[in-house]
Amino acid sequence: MATNKEMMRKLAVAVTATLVFSSTGSGQLLQQKTTFTEQDTLRGSITPERAWWDLNYYHLDIEVQPDHKYIAGKNTIRYKVLRPNNVLQIDLQAPLVLEKVTQDGRPLNVKSKGNAHFITLEKEQRPGAYHEVVAHYSGHPKEAVNAPWDGGFSWKRDANGKHFVATSCQGLGASVWWPNKDHMYDEVDSMLISVKVPKGLTQVANGRLRHLDTLSNTSHWFVSNPINNYGVNVNIGDYVHFGEIHQGEKGPLEMDYWVLRDDLERAKEHFKDAPRTIEALEHWFGPYPFYEDSFKLVQVPYLGMEHQSSVTYGNQFLRGYLGRDLSGTGWGLKFDFIIVHEMGHEWFANNITYRDIADMWIHEGFTSYSENLFLDYHYGTRAAEDYVIGLRQNIANDAPIIGPYDVNQEGSKDMYYKGSNMLHTIRQLVRDDEQWRQILRGLNKDFYHQTVTTQQIEAYISQKAGMDLSKVFDQYLRTAQVPVFEYRAKGKKLQYRYTDVLPGFDMPLKVSINGNAQWLAPTTKWQTLKEPQTITELSVDRNFYVNTEEKLE
């Protein structure tokens with residue numbers, strides 16, 4: 001935890017973060033420079049007003065009025081005191097208004113700095129004690145312009161003119177539509193979501209439906225597992241329901257589907273990808289992490305999102321990504337991209353969650369890779385290789401995958417396709433596919449329902465693989481450069497090295513020389529290999545994400 005002096009430094013009105021990555025191999029210098037504000041730091045760091053208390057329970061109780069694009073209600077926040085303090089930070093974004101905050105029914109003093117609201121508590125906060133505050137709020141929440149990339153409420157109507165409403169808020173933060181402790185490091189242990197909507201509409205949220213009050217049309221959904229804030233969602237529409245029981249690794253898993261009335265029949269056919277995805281990803285990642293809360297796939301008016309146990313879907317019942325194969329290989333049209341990708345997030349995003357959005361690759365790299373593993377399970381390893389290698393055409397190499405910390409800023413979008421290709425490369429380094437599968441399953445077992453850092457994930461994979469992969473992670477996550485394998489062959493001698501890499505980069509590499517596969521151990525210095533016959537052909541195994549350059553005399 002930062003000292004008070006360090007926090008004062010961070011909370012300057014403007015903070016300039018400069019990330020510098022260099023490569024001795026090429027002499028190139030990459031700089032990413034961004035200016036951050038006090039609001040960025042209040043949103044993105046574990047402030048002293050957050051650090052002293054631990055989330056235990058939320059009860060979000062609201063009314064949604066689609067006709068007016070208006071919401072109103074309250075969130076009860078139960079917490080455990082970790083150490084004495086009397087100022088607590090709650091986040092709620094304008095134009096929503098935090099009307100009052102109470103404890104034991106008494107209104108408390110609130111001082112606001114933009115979207116961060118500091119509550120002065122009157123009762124003694126003894127370590128180990130549990131207390132509640134109730135945050136009352138209302139207003140017209142931000143409307144999402146391009147959900148889910150631009151968060152907020154999506155206020156739409158279906159083909160019959162009925163309201164079709166949903167929330168999405170990753171990155172921007174759940175405080176765009178409800179008051180909470182809006183930092184990823186602390187997940188609430190359980191949650192009740194109560195939402196009143198107009199008659200004739202159905203509301204679906206996370207977890208299991210505990211009760212539907214038909215008189216007021218208020219639904220109460222209970223989440224029994226820890227959940228991150230952006231994973232909480234509200235979906236409203238003229239929904240109809242169907243479902244099935246999938247026999248999974250932990251036994252019967254209830255799988256429920258909520259779609260617009262007119263889309264019921266095609267959804268029944270198209271959503272067959274959902275149990276196929278559970279089957280494949282349980283094989284690779286271990287049991288679905290939320291059996292207690294069931295699984296739902298919910299149709300929404302935007303593309304889709306990984307809301308925990310309530311995955312949202314808007315891919316128009318098409319294969320691929322809106323009918324397009326992102327890999328250009330044909331394999332991407334064997335499945336619905338949104339179903340597979342967003343369901344993959346149940347393991348990486350919802351079960352294992354980044355502590356800081358700078359480490360968003362933990363969500364997106366592994367989940368992009370899950371598409372490859374889905375293909376591996378159902379269509380074979382060759383198909384999976386084709387697909388993940390085909391995704392390389394989408395990599396920009398414009399900036400490092402990891403972003404600046406403590407300011408709610410993600411890194412390069414290469415976290416998806418470069419992240420998945422890094423993991424595919426590491427699979428080759430491990431060499432034993434069953435060992436690799438056990439590493440992936442072990443991550444979900446040993447970090448079960450936890451928030452993590454990149455360093456934890458890196459150290460775990462290195463330990464279980466039995467090799468130091470730190471330079472591999474540094475190269476692919478913290479620079480925007482792809483390693484270049486340089487070689488020159490003359491007669492029976494082969495000289496080779498790496499360039500465009502960090503100092504000390506020495507990733508083993510599988511090559512074919514005159515049709516014979518073998519492993520090399522390149523470094524940044526020229527090495528020489530003497531073959532028994534003249535070298536006429538050399539190629540690098542395509543499964544390694546490296547560039548190759550032949551150096552001519």
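Here is a walk through two sheets and a group of helices in this structure. Keep in mind that the model is predicted.

Let's start with the eight-stranded sheet. Follow its strands from one side to the other and you get the order β7-β6-β10-β4-β3-β13-β16-β15. The sheet is open, and its pairing is mixed. What sits at the edges? Those places go to β7, residues 106–107, and β15, residues 208–213, each of which has a pairing partner on one side only.

Now zoom in on two neighbours within that order. Strand β3 covers residues 53–65 and strand β4 covers residues 70–81, and 12 bridges hold the pair in an antiparallel arrangement. If you want one of those matches to look for, find Val64, whose bridge partner in β4 is Ile71.

Next, move along the chain to the helices, with α7 as our guide. Helix α7 spans residues 361–379, and it packs against helix α9, residues 417–430. Their axes lie 7 Å apart, at an angle of about 60 degrees. Why do we call α7 oblique to α9? Angles under 35 degrees would count as roughly parallel and 65 to 115 as roughly perpendicular, so this pair ends up as oblique. The crossing of α7 past α9 is right-handed.

Which residues do the touching here? On the α7 side, the list includes Trp361, Phe366, Tyr369 and Leu373. On the α9 side, you'll find Tyr417, Met422, Leu423 and Arg427 among them. Sorted by class, the residues of this contact come out as seven nonpolar, six polar and two charged.

Helix α7 has another contact to look at, this time with helix α11, residues 454–465. The axes of α7 and α11 come within 11 Å and cross at roughly 45 degrees. That angle makes α7 oblique to α11 as well. Here Trp361, Ile362 and Phe366 of α7 meet Thr454, Ile457 and Ile461 of α11. This contact has five nonpolar residues, one polar residue and no charged ones. Notice two names that turn up again: Trp361 and Phe366 of α7 touch α9, and they also meet α11.

Our last stop is an open sheet of three strands, in the order β28-β27-β30, with antiparallel pairing. The edge strands are β28, residues 516–520, and β30, residues 538–540, and each of them pairs on one side only. On average, neighbouring strands in this sheet are turned by 30 degrees against each other, ignoring direction.

Strand β27, residues 509–513, has partners on both flanks. Towards β28 there are five bridges, and towards β30 there are three. Is β27 mostly covered or mostly open? It is mostly covered, with four of its five residues buried.

You can trace the match between β27 and β28 from end to end. Leu509 stands opposite Leu520, while Ile513 stands opposite Asn516. Ile513 also has a bridge partner in β30, namely Leu538, so to speak a neighbour on its other flank.

Finally, look at how the chain gets from β27 to β28. The two strands make a hairpin with two residues between them, and Asn514 there takes a positive phi near 55 degrees.

Technical notes
Residues numbered from 1 in each chain as written. Predicted model: local features only at pLDDT ≥ 70, side-chain atom pairs only at ≥ 80, totals over all residues. Heavy atoms only, no water. Pairing = 2+ DSSP bridges. Axes fitted to C-alpha atoms, helices over the stretch in contact; angles between N-to-C directions. Buried < 20%, exposed > 50% of the residue type's maximum accessible area, 1.4 Å probe, protein only. Parallel < 35°, antiparallel > 145°, perpendicular 65-115°, else oblique. Left-handed = near helix turned anticlockwise from the far one by under 90°. Contact = heavy atoms within 4.5 Å. Nonpolar A, V, L, I, M, F, W, Y, C, P; charged D, E, K, R; others polar.
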